[in-house]
Amino acid sequence: LNPWDVMLCVSGTAIACENALVVAIICYSPALRTPMFVLVGSLATADLLAGLGLILNFVFQYVIRSETVSLLTVGFLVASFAASVSSLLAITVDRYLSLYNALTYYSEKTVLCIHTMLAGAWGISLCLGLLPILGWNCLHDHAACSVVRPLTKSNVTLLSASFFLIFLIMLHLYIEICKIVCRHAHQIALQQHFLTASHYVATKKGVSTLAIILGTFGASWLPFAIYCVVGDPDYPSVYTYATLLPATYNSMINPIIYAYRNQEIQRSMWVLFCGCFQAKVSFRSQSPSDV
């Protein structure tokens with residue numbers, strides 16, 4: 001057994017378990033039907049599928065050796081990870097809209113916008129996953145192979161370019177979110193004639209959290225995306241594994257950042273596992289702008 005394949009399988013198992021719990025909580029709790037939790041559920045579903053894809057890829061690689069199965073598992077992984085990244089972008093857009101259009105955010109228009117975003121994200125991800133199956137592969141032309149077989153160089157270049165575009169959009173939106181948060185803190189300071197310590201701490205915490213979110217996303221995916229562009233299929237496969245494995249960790253960290261830190265989901269976990277909830281602390285409903 002290739003130890004890298006084993007680590008990817010272990011990573012996929014952890015990803016699947018974490019995100020399956022999030023999906024179960026959101027499906028189990030009728031209260032978690034707001035647009036924010038719909039987006040979190042979309043992200044958890046995409047990461048759950050990605051984890052299952054890593055497990056299936058390991059099983060089929062060592063149990064059922066078939067070109068057709070290889071294409072199906074690779075396409076499944078491409079679609080799942082693409083849906084995960086697209087859901088992260090949708091969450092970022094949602095957070096920006098909740099701050100930029102705070103007065104009109106809770107409206108039917110917002111719900112329609114979010115459903116449209118998700119439909120587009122999953123549709124595009126499905127199309128990207130179908131490309132290798134429909135013939136964009138290098139099974140019969142090894143010279144066209146990329147560092148991720150059986151994907152072609154042009155295929156991974158397209159995927160990497162899409163990632164870079166999404167990363168830049170997220171970076172721009174999070175910068176705008178930071179500006180809005182700081183502007184709100186300044187307005188509160190003017191109204192109260194001074195900036196209290198609690199406002200300063202809350203603003204600093206919000207900006208730091210945004211930096212952690214974007215930094216985690218970039219640190220996970222950027223090395224792999226860059227290597228897909230500059231790497232050569234003749235390079236040792238360990239380079240591909242070494243950049244791909246951290247990328248999978250993003251799907252492992254997403255539930256912690258976007259789900260388990262949320263107090264509504266924490267309460268729903270108590271309800272799910274205990275059957276009753278007797279809290280001594282009060283939970284407040286959070287908006288997407290709570291970071």
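Glu-18 is found in helix 1, and in this predicted model Glu-18 is a buried residue that has no salt bridge. The nearest side chain of opposite charge belongs to Arg-261 and is 12 Å away. Leaving aside neighbours within four places in sequence, the residues in contact with Glu-18 are Met-252, Pro-255, Ile-256 and Tyr-260.

Helix 1 also carries Val-10, which counts as exposed because its relative accessible area of 52% is over the 50% cut-off. Val-10 belongs to a nonpolar surface patch of about 620 Å², made together with Leu-1, Val-6, Val-59, Tyr-62, Val-63 and Ile-64. The elements that give two or more residues to this patch are helix 1 (3-28) and helix 2 (35-62).

Between helix 1 and helix 2 runs a loop that holds Pro-30, and Pro-30 is exposed, with a relative accessible area of 63%. Although Pro-30 and Ser-268 are 238 residues apart along the chain, their C-alpha atoms are separated by 9.8 Å.

The interior can be described through its nonpolar cores. The largest of them has 48 residues, of which Met-170, Tyr-174, Phe-217, Trp-221 and Tyr-258 touch the most other members. At least two residues of this core come from each of helix 2, helix 3 (67-100), helix 4 (108-133), helix 5 (153-192), helix 6 (197-230) and helix 7 (237-260), and helix 3 gives the most, with 13 residues. A second core, separate from this one, has 14 residues, including Phe-37, Val-40, Ala-44 and Ile-265. Trp-221, when neighbours within four places in sequence are left aside, is in contact with Phe-81, Val-85, Phe-163, Ala-247 and Asn-250.

Ile-166 lies in helix 5 and is classed as buried because its relative accessibility of 15% falls under the 20% cut-off. Not counting residues up to four places away in sequence, Ile-166 touches Val-85 and Leu-89. Val-85 thus appears among the contacts of Trp-221 and among those of Ile-166.

The two C-alpha separations are set out below.

| Residue pair | Separation along the chain | C-alpha separation |
|---|---|---|
| Pro-30 and Ser-268 | 238 residues | 9.8 Å |
| Ile-166 and Ser-86 | 80 residues | 7.8 Å |

Taken by accessibility, Val-10 and Pro-30 are exposed, at 52% and 63% respectively, whereas Ile-166 is buried at 15%. Glu-18 is likewise buried, and Glu-18 has no salt bridge.

Conventions
Residues are numbered from 1 along each chain as its sequence is written. This is a predicted model: local features need pLDDT of at least 70, side-chain atom pairs count only at pLDDT 80 or more; totals for chains, interfaces and linings use all residues. Side-chain values use heavy atoms; hydrogens and water are left out. Patches are made of residues with over 30% relative accessible area and no salt bridge: like charges are joined within 9 Å, nonpolar side chains (Val, Leu, Ile, Met, Phe, Trp, Tyr) within 5 Å. Accessible areas come from the Shrake-Rupley method with a 1.4 Å probe; for residues, only the protein chains shown count as cover. A salt bridge is a side-chain nitrogen of Lys or Arg within 4 Å of a carboxyl oxygen of Asp or Glu. Helices (H or I, at least four residues) and strands (E, at least two) are DSSP runs, numbered from the N terminus. Buried means under 20% relative accessible area, exposed over 50%, partly exposed in between (1.4 Å probe, protein chains only). A nonpolar core is a set of buried Ala, Val, Leu, Ile, Met, Phe, Trp, Tyr and Cys residues joined through side-chain atoms within 4.5 Å. Contact means heavy atoms within 4.5 Å. Lys and Arg count as positive and Asp and Glu as negative; His and the chain ends are not counted.
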